[in-house]
Structure formats: structure tokens, C-alpha cells
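Biologist: I am new to this structure and would like to be taken through it step by step. Could we start once it is in front of us both?

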Amino acid sequence: MRRIPRGLAVAVGASLLLAACSSGTTTPAESSTDSATDSASPSESATDAAPVRGNEDLVIWTDDTHLAAMQAVADTYAKANNITVGVQAVTDTRAAFITANQAGNGPDVLVGAHDWIGQLVQNGAIDPLQLSPDQVKAYSPTAVRAVTYDSQLYGLPYGVESLALFCNKSVVGDTKFATLDDAIAAGQKALDAGTVESALNVPVGENGDAYHMEPLFTSAGGYLFGKDADGNYNPDDLGLDSAGGLAAAAKIGSLGEKGSNVLRRSISGDNNISLFAEGKAACMISGPWALNDVRAGLGDDGYTLQPIPGFAGMGPAQPFMGAQAFYVASNGKNKAFAQDFIANGVNTVDSMTTLYKMANLPPAMTAVRDSIAQDNPDFAVIAAAAESADPMPAIPAMAEVWQPLGVAYADIVSGADPTKSMQDAANAIRTAIAGS
Amino acid sequence: MSATTQTTSDTLSTAGGPPLRRDPNDTQPHGARWWREIGWRHIVGVVAIVYALIPILYVVSASFNPIGSVSATNLIPTQFSLTHYESLFNDPNRPYARWYLNTIIVAVVVVSAQVFFSALAAYAFSRFRFRGRRGGLLTLLLVQMFPQFLAVVALFQLFSSVGEVFPAFGLDTLAGYILLLLGGSLGQVWLIKGFFDSVPKELDEAAKIDGAGHAQVYFQIILPLVRPILAVTGLIAFVSVIGEFLLASIFLRETAVKTLAVGMYTVLDGDRSNNLGWFAAAAVLASIPVVLLFQYLQKYIVGGITAGAVKG
Amino acid sequence: MSHTTQSDPPRAVRGGAGTTRVLPLLARVLGIGIIAALAVMVTPALVAQERWGFLAVFWGVVALLLAVYATKRAVPAKYLLPGVLFLSLLVVYPILMTFQLSTTNYGDGTRTSKEVTVNKIIASAAFQEANARRFTLAVGTEGTVDAGPYTFFLVDQATGDAFAGTEDGLTDLPADATVTDGAVTEVPGYTMLTKQQINTLSNTGGPLEGFTIPTGDNTVIVAQGFQAIELTSPLVYDQANDTFTDTRTGTVYTPQRSGDRSYFTDSEGNRLSSQSWGESVGFDNYKRIFTDPRISKNFLGIFAWTVVFAVGSVALTFLLGLVLAVVLNESRMRGQKVYRSILLLPYAIPGFISLMVWSSFYNTDFGLINNLLGTHVNWLGSTALARSAVLLTNLWMGFPYMFLVATGALQAVPSELKEAASIDGASGFTHFRKITFPLVLVSVAPLLVASFAFNFNNFNAIQLLTEGGPFSASDPTAGGTDILISYTYRLAFGTSAQQIGFASAISVILFILTGVLAAIQFRGTRVLEDVN
């Protein structure tokens, strides 16, 4: 009897190993369908103690926000082809995918932003997608440009996103602002009156946010990377400390905490949307992902949405355009189904419509975009903003930009010397690019 | 069996406590003396409680606040709703109940194994004199200071090849994740060894003279005596297993096998500003087993550690 | 059964050495038997898969178990073996693997072998000419489904022309084949594969992987899903000379070194691809830690703060925990239990939850702390304040554990000592300082050292709270609250390219540093002497 603890341990180990041996022959229950909401009886939970890795015919990885949409299109495809699918929300999707794909443990299909492509290709983690020219034509040219890398199409885009200007109708009225200065002035008036706590929300945070600052930076004359003759980004032409870039830095500084205090480090990605949705900010720069919360907070008719206007007397504001896309994993266990799923399962008007509805993104397929222009003017605005924007650079050099540039913005907003901050960031980025 | 140990721990706790010769109520001082000897302690206690509770209050308040965003939350809930709690159990993409169950399975197996194996090893280090004992103890301590997380790439490669041979222990399996955490099986050796040291050796020796084998002495005499420290180390191990998410986020990617920590982190990671309510409700429920365990084990934690007094 | 032995252990034990040994022996035989049986069971499969490493481990474990449990020698080993086995396989072995990784250039762009990289470069350069043909694909075999040989049956999606294709080239479709809805559905003499079968056979290592039908000098037909596409491949790899030639332009690419890796590069320095391949680099990664100006410039400062952070966290949590333990260790106090229960609550909340919640508390305009205090302080904006914030948060998270430990240790102080001291007339505080505190310190010293080691590498506390910030634009890689592990994590896995070989080298260095520091402290606290 006193030996029981060790005996038990051995027995448990043995039963788990036996389960391993038998698992190959039994069909695993579809993980996606057995929700855990039902209270499992003790005996059930005992058998569930060692779930077996999904052996579905098609495994798709995405992040938590896009899970439901992916599940919907995957289920349709699975039904039509009589196969099983598994859709998984994975933390830090891109890095996890690269590691797992390399180890032969990854999914068959990856869903994610187009600016991942550079790193994915560098690691040989995704395969080019060979669509016919006609199939490619069904998508918006900017979206296609975004998922094209080294002259190869690597992903099938389903949604586009771009920053736009949201304003609270009950605070600044139902106006479309011609310049960003007008929007700020209207917001400032409300702020002075005590109606709101922020005139214009632009996420900055302690470490800066180069993505959200890009429209302001470009309008005031800055640019990130120049382009070569073919329209590809040139990592050797960094525009941060060009004359235009420094002027833009000064402009951002003048809006910062030591200037008009519109831009503040206390507003970050964590609270940007919720502050606006609760009516505490007059205007906000954000993207389509904010729409649900904004509608829930301010009502379907409580806000206005427009492409971000430029500063008065300055250039147009050019946010980054982003595309969400499907990729074929280079080391998947079900490549044929993966390729067929993307080329034939997702690449249809029906699937794209489902994705648009459930992922809540302006569609990349022009036919779907046209069909929804009437019902969803918000998406038309964002799609238009995306069309005129430049795709976020997917080149590996871009990875070296985010952190230093963000920090420079945070510094400038806090009141540091804009020229020096920007030059410091540019130097740090050049060093990093040269070293990689 | 339980009866024997019950009495053992009871004797120990009273033996270790301050000598209570009179009824405690009679010793209660009054007036200024009360303030000098007892009252100020309450003030310190209350201040400490405020410090301890404010962040927790905030989480509880956020879990009941229907808006569920960072900026909308105050310490005292202005609105009350159970939406977030309901949403824990009716979103098939976030099977909270399943994650809860997974966490409990992992925690129970890992904690039992860790306490059991640690106690075995601690006994050897405390009672036997053998070559390499001192070096072994120190190596153990040093090796365990290496965060498993630093070897994450190596671990990932190891387990993906384990998965090819034994699919039940590969990535995305609870069994594999449990095995991974069993690497810390000796994590509690130091604490338990200290406790063993305080149990008089005469006890084992007497039993051995009576003809008991070393295993018999260990399982029948020593182990029941040290149950309090097993409870304490079990609790410490439980807390660390429940909170582990760095490795879990790399090893458990399928929705159905996630633990609470990695499942909740994935949700918050997806959108930090708007899932706060869901997250807060999830956190409140996730803390309940630990709190209950604390309450249940308190008699061991406080009374139990006093067994060290046996030595003195 | 347990009741009978427990209720009267001495007599049962005295019952005779011969009989009492039977049960343990039985359990021992059974336990070893099961493990050995398991090893026998898995052996054929492991041999078939040529998994020699696993095989060796399995039988090594069996041999060890036999040696330890089947004999009467090595009694301590009987107690140590299970835990040590787990520790060796799951902690020590990964540490050794990490060391091995640290001598390679493994990371972004170098995860693949050179052979794989070459194939990837060729594959990702293949493109469709303007007039490229696309086919609906069916696969048939004259042999077995699993072994082939296979034939692609193709129907041109534009013209409807049908073909049969093998790795020798395209031929006409056999006349007796059936074409339904633009796809070949039946060919006499051939077994047609289902989609499932095509999918399985196309996997990495499967017979259909890389199945190509040559149609011209540079053109091939390859499968994509259940279609086939004619692709042109412009690159030719010359194995003997290790060069790539672009047949369109005649440009020749040769491997050229850049940092810790090589790229195929033309004479003007243009890279053919961003993909490189994995190589052993010896101790270059270690050299880089000590010579890279980006690292050496920041290393000392970060190291110092790491030590301050770890020592500070331990000291503060222990101090607060001890003070509270002393204050509440008064049996006449009412509600003692309630205080204790509540004070332990922060410990019960999973750490990452606490950290994420606390990080929102510090916001200048909307954070709880400024709201409660009525201040307007940017807590995370300056290095000094951010460091205090980190310590304050870590204090909140850690003091309950120390409170727990200190309460236990306090109660373990023999009461005779207290009484003796009060008879001598020592004041409360003197008594505490001279007698209680040293006793408590000795008993918790190992825990304090372990806690130091934990905080020295407390990645979560920094990453989830400040992400290492605040940063300055002049040095965006080293933040004000960065400790070594968060700093190196960013260097290795952060926003820029992953350098796992390099990160492994840093992990090894961190491991050594932690060990040395802990050993020094042990000497200091005389715990080493206690071990003997």
C-alpha cells in the first residue's frame, strides 16, 4: 500500500503511453466543434486529459480577432470537399508560425497582415501563389501590390485597412473637415468647453506609435523609404532626417505636450478607441477595427468618418495601407488542400462576402466592394483611403524602423528637440539596417 | 491514516504557538494599553489591506462594468452587469470552461508530481550522507535558476520530435505540456529539505531499530509528519503553474488544449483596449481556486510551519 | 489496510523482516516490469523510424531504473532518481541544446539548410509567362496508390485540350479516357487518386512532392492544389561551382559573406534572395556579445540596474512581508485570520494579469494612481519614476509570498527564547534585532537567494509593465527599465529580425551570471556551511 504513490505514477504514465499508441487509429474529435460550454462529467474529462494534436485535413492559423470569420469560410470549404478543418487562434502568430513551420508542426494555411511577407519569405516559410492574371484582376490593385513581393504573388488578400478620421457628431457636428487643423480646432473648442478630455486622439504611448503617426508625418512633408524606378521601397533611401522629415518632426513637436498638447503620451493603443467610444475624445485616428466599438459606444449615427485630411497648406496625409491575406505554408502537411482552399475556396465572391461580414474589414475583392458601397458607407470611406495610400513596406528593413521611430515620436511629443530626436532615430535605423 | 496525521499536525501547531496559559479573551488589554499593544497593529493591517486590495477591487469592478474598457473603469462599479461573465461561457471560440478544466488538470498533475518527487529527493538530501550530496544540492539550485524560457527554442525542437514519435506527448497536447513542466520536478527540494532537517533523526532511527526498511520509515513515519510543508510547497507550485503562460503560448496553440493563462493572454493580445471586461471576469473566476486553496491550507501554512519549532 | 498498519506501526514492523519486504518487492518488480515492457513495446517502432536517440534514452532509463531499484545498493539514488531523470531530460538537456545552438547562426533567414535554401530560391523564382497554360488536374497510377508510378491527366482550362503527363514529358491523353465537366475522371488501366490521396502523397517527403512535367528548356508543369500550371524557371544552380545563373540576363550569383551568414550575390553586390542558410559559427556569437558596440555600451548600465532591481525586489518584498508578519503575529489580535487571508490575495492572482492591470494604473491622464492621488505625473515617462513604478508593482506582487514565509519562520522561533529575552529586560525591538531577526534570516536565506535569481531574470515584470521603456531616441535599443533578459530578448526576438543563435549565446551567459551571483550570495549567507 505504501508503494501506491509510485505505482500510481507508473500506471498513469503507462495509460498515457497506451493512449498514444491507440490515438493513431481513432479519428480525433473535431476540436472546433466540441465547445467546452457543456459541463463535462468526470469520466469524460478523464478521457479528455490528453487531447491529441489535431490531424485535420486542413489546419489554419489566425489570431483571436479573425477566428470566427476564418472558421466560417473553412467550414464551408470542408463541407464542399468532405474534409475536416481546424482553425486555431495563435498568440504571436507570425513568430509562432515561422518556428512551427520550420519544425514541421505548423499549419497548412496562415492568415495575417501583408507586411509579414518579407520575413516569411526570408525564412522560406510561405510559397508563392500562382493565380491566373484574370483571377488577380478581381482584386483592388493596391491590395495586390501589397501582397506582391520580389515580383511574386505570395498571398490572397481578403481585406484592406487604413487609418481614417473618426469624429463624434454630437461634439463637433456633422462636418467633413477639409484640413486636420480644422478638426483639431473644433475638438479644441469642445475641450475648452469641458465637453471632452481630448481634442484629437492619436495613439502615442510611452514608446511611441510610428504606425498611427504616419499620416501626420507624411502630410507635414516626411517620408520613410524612397522608391526605386519599379516602385519598390529602397532601404538605402531613408527619409526621416531629410529636410521634409525634419520639418514634419517640428510640426509634430508643436502639437505635443509642450506645444498645443493635442498629442499626448497618455493616449496609446490601449485606450485610444475606448476613450473615443465613450465620448471622451472629439476626434480620433483609427482604423476599421474600431468601428464595432465606436458604433456600440456612440450609436450607429453618432460619429462621422472620413479619410484623414492633410494639415492646412501642407501635403495630403498618407497613412499606411495594410492588407490581410491568406498564405500557403511551405512545410504544411496538407499542401494540396491548402493551395486549393486559397485558390478556389476563398477566392470566390461568396467567401469574400462572408469574410467581409465576419472579419469586419473592407473587402479587397472589387466586386464585393462595389456590392456593399450602398449598405456600408464606412467601409467605402476606408477602402477609398486605402486605395490612395501606400502599402506598409514589407521589406525586412522595415522591422528595424518601428521601435526607433516610435521612440523618436514619443520623445518629440514629450517636448524633446524634434530635429535631434529624428536624426538620432535615423542614425540608429541606418546602423541597424547596415548590420542586418 | 487521516486520523493519525490530523492529530499529529494539531499537536505540532499548538506546540509551536505561543504558550496560551489563560483564556485569550482574558488577556485583552484595554484603553491606552490596548492601543499601544494591539490597536496600532490594526492600523498597519488596514493600510496593508488597502494596498493589497485596490488593484483587485479594480479588476472586480471592471468585470461587472458593462463597458469593459480601461478608461471606463473606476474602483467602485458605477454600473452592474453580468454580461462579461455570461460571455465567458457562450463564445465557442473562447471555450473558457474548457480552458479552466485544462488548467486544473495540468495544475493537479504537475503539483502532485512536483511535491512528491521533491519530497523524495529532499529526504535523501536530509537523511543520507553520500558522495556528491553537497555538490548535488548546489547544482540543483543553480540549474533551477535557469529559466526554462531561455531554452525555448531547444524545448520546441525537442517536443516537436517527441511528438513525431509519441503523438500524445507532442506540441498541442496537455500531456506534452505537463511533461514539459515536470522538468521542474525538483523545484521544491530546498524548502522541503529544510523542514525534514527539523524533524528529529531519532524518529527514523528508532523505527529502523524496530526493523522497518528505509522506504517504510519514509512513507509511514516521516511523510505524514511533514504534510504541512507539502501543503505549502504545493500551494507555491500551484500558483506558478496557474500563471505560466510564456511556454504555454508556444506549446499550446489549439483552442481546445489551451490553459487559462495562455487562452486569456491570446484574447487580450488580440485587442487590449476592448476585451478588458471579458479579461477581468475571466481573471476573477481564475483566481477563485487559488483563493479557496489558500483558505483551506491556511491552518497548515500558519500553524504548520511552526513544526520547525520541534527542533528548538 | 493503511489503517491497520498505521494504527500500530511498531508491531507490524516488528512482524519479521522476511514478510514485510514482500510488498515493496512486488511493487518494485511490477514498476520496473511495466517500464521495461513499455521500452520493449516502443522499440520496433523506434527502430523502424530510425530514432536512435529516443531508443538510447528509453533503454538508458530502463537500465538506470534496474540498477537503482533492483538492487539493495545506492539507497539515496532510489529517492533522487525520478526527479533527477526529469530534470536531466527536460532542463539540463535543453540547456546543452541551447549551448549547441549558440554556436550556430540560427535565426531569421538561416533556419534552413543550404540545400533547402537553394531549392526555395529556385521555386520562388518560377513564374507564369503571359501565355502560360493552366490545367485541371487528375492523377492516376498504373501501379499502387502509395508507390506509383503516377501520371498527371490534364485538361487545359482555356482550350479544353487534354494530356497525360509524366516526369518524361507531355503526351496525348489515351483515347479511351473519360472526360467529364472539364476533368479526366476515368482512364482504363489506371487507378484514379482521390483528392485525399493526392493531398497525402504531395506532402513533404511524399512521392508526388516535386513532381514536374518538363515542357521546354526552362518550363515545367507543376501541381498547385488540384490544378496544374505551366511555370518558367529562370534560375539554374550549378552544384559544382556553387553558383546561380539567371538565364534571362546571364547574371551569375555566388555566395558572399555578410556578418554571420552568406547570400548569393552578383558582382555588383545585389542579393539574389534574402534567404541564407544555417551554419556553425563557433564562438562568434560570444565574441559579438563582448565586441558589438551596441551591446557593450549599454551592458554595464543595464547589468547594474538588473542587480538593483533583483536585490531591491527581494529586499522590499521581504521587508514588507516581515514587518506585516511581525505586526500580525500577535495572538491577542482579533481578525488575525481575516488580515492574513486578504493579504495573501495578490499572490493568488496570476502574475501576468496583475502586471497588465498595473500597467494601466500608471497612465498620466487616465490611470488609477493619478486619479486617486489627484496628481498628474507621467509615471512611466522618466527612468527614475518608471523604475520606482516597476519596483512598486513587483512589491505588490511579491510581498504576500514573503509574508507567508516570514510568518512561518517567525512562529518557528522557539518561544523559550522570547521569554528568556523578556526576562533579561531587552526591549521589543532590540530583542527582535538581536535574536528573532537573525534566526528568521537564516531559515529564509535560501528562499531569498532563489527569489533573487527569479527576479534577476523576471522577464514578465518588465515586458508586461513597461516593455523596457522609457527609451530615448538616441538609443532606442536600451530602455530605462530594461533588465538583461528583456534587453536581450528584444535584441534577439524583438521587432527586428530574430537571431536565435545569438540569443542562445546570451542565454548561456545569463545562466552563468545568475549562477555566479547566486553562489556568491550563498557564501555570504553561510548557507553553504549549513548544507554540510
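**Questions on a predicted model**

Modeller: Chain B holds 14 helices and zero strands, and please keep in mind throughout that this is a predicted model.

Biologist: In what order do the elements of chain B run from the N terminus on?

Modeller: Since chain B has zero strands, helices are what its order of elements has to show. From the N terminus on, that order is α-α-α-α-α-α-α-α-α-α-α-α-α-α.

Biologist: What share of the residues of chain B count as buried?

Modeller: A residue is buried if 20 or more other C-beta atoms lie within 10 Å of its own. Chain B has 312 residues, and the share of them that count as buried is 56%.

Biologist: How many helices and strands does chain A have, and what share of its residues count as buried?

Modeller: In chain A there are 19 helices and 15 strands. Of the 436 residues in chain A, the share that count as buried is 60%.

Biologist: Among contacts in chain A with a separation of 6 or more, what percentage is accounted for by residues 24 or more positions apart?

Modeller: Two residues are in contact if their C-beta atoms lie within 7 Å. For chain B, taking contacts between residues at least 6 apart in sequence, 71% join residues at least 24 apart. For chain A, residues 24 or more positions apart account for a share of the contacts with a separation of 6 or more that comes to 76%.

Biologist: Which helix gives the most residues to the largest nonpolar core?

Modeller: The largest nonpolar core has 358 residues, and those with the most contacts inside it are V109(A), F166(A), I252(A) and A282(A). The element that gives the most to this core, with 21 residues, is found in chain B, and it is helix α4 (residues 96-127).

Biologist: Which residues does F166(A) touch, not counting residues up to four places away in sequence?

Modeller: F166(A) is one of the residues with the most contacts inside the largest nonpolar core. Leaving aside residues up to four places away in sequence, F166(A) touches F276(A), C283(A), M284(A), S286(A), A290(A), V294(A), Y303(A) and L305(A).

Biologist: Why is helix α14 of chain A described as largely enclosed by the rest of the structure?

Modeller: Helix α14 of chain A covers residues 335-346, twelve residues in all. Among those that are buried are K335(A), F337(A), D340(A), F341(A) and V346(A). The helix is largely enclosed because the number of its twelve residues that are buried is eleven.

Biologist: How do α2(B) and α13(C) lie to each other, roughly parallel or roughly perpendicular?

Modeller: The axes of α2(B) and helix α13 (residues 351-361) of chain C are 11 Å apart, and the two helices pack at an angle of about 90°. Angles of 65 to 115 degrees count as roughly perpendicular. The arrangement of α2(B) and α13(C) is therefore roughly perpendicular.

Biologist: Which residues of α13(C) are met by residues of α2(B), and how many of the residues in that contact are charged?

Modeller: From α2(B) come P55(B), Y58(B) and V59(B), which meet S354(C), V357(C) and W358(C) in α13(C). The residues of this contact divide into five nonpolar and one polar, while the number of charged ones is zero, that is, no charged.

Biologist: How far apart are the centres of domain 1 and domain 2 of chain B?

Modeller: Chain B is divided into domain 1 (29-81) and domain 2 (92-310). Taken over C-alpha atoms, the centres of domain 1 of chain B and domain 2 of chain B are apart by 31 Å.

Biologist: Is L82(B) buried or exposed?

Modeller: L82(B) lies in the loop between α2 (31-64) and α3 (83-89) of chain B. A residue counts as exposed if 12 or fewer other C-beta atoms lie within 10 Å of its own. L82(B) has 12 such atoms within 10 Å, so it is exposed.

Biologist: Which loop holds E467(C), and is E467(C) buried or exposed?

Modeller: E467(C) has a positive phi of about 55° although it is not a glycine, and most residues other than glycine have a negative phi. The loop that holds E467(C) runs between α18 (459-463) and α19 (484-493) of chain C. With 21 C-beta neighbours inside 10 Å, E467(C) counts as buried.

Note on methods. Residues are numbered from 1 along each chain as its sequence is written. Chains are lettered from A and ligands numbered from 1 in the order in which they are written. This is a predicted model: local features need pLDDT of at least 70, side-chain atom pairs count only at pLDDT 80 or more; totals for chains, interfaces and linings use all residues. A nonpolar core is a set of buried Ala, Val, Leu, Ile, Met, Phe, Trp, Tyr and Cys residues joined through C-beta atoms within 7 Å. Helices (H or I, at least four residues) and strands (E, at least two) are DSSP runs, numbered from the N terminus. Domain bounds come from an automatic or database domain assignment. Axes are lines fitted to C-alpha atoms, for helices over the stretch in contact, and angles run from 0 to 180 degrees between N-to-C directions. Angles under 35 degrees count as roughly parallel, over 145 as roughly antiparallel, 65 to 115 as roughly perpendicular and the rest as oblique. Ala, Val, Leu, Ile, Met, Phe, Trp, Tyr, Cys and Pro count as nonpolar, Asp, Glu, Lys and Arg as charged, and the others, Gly among them, as polar.
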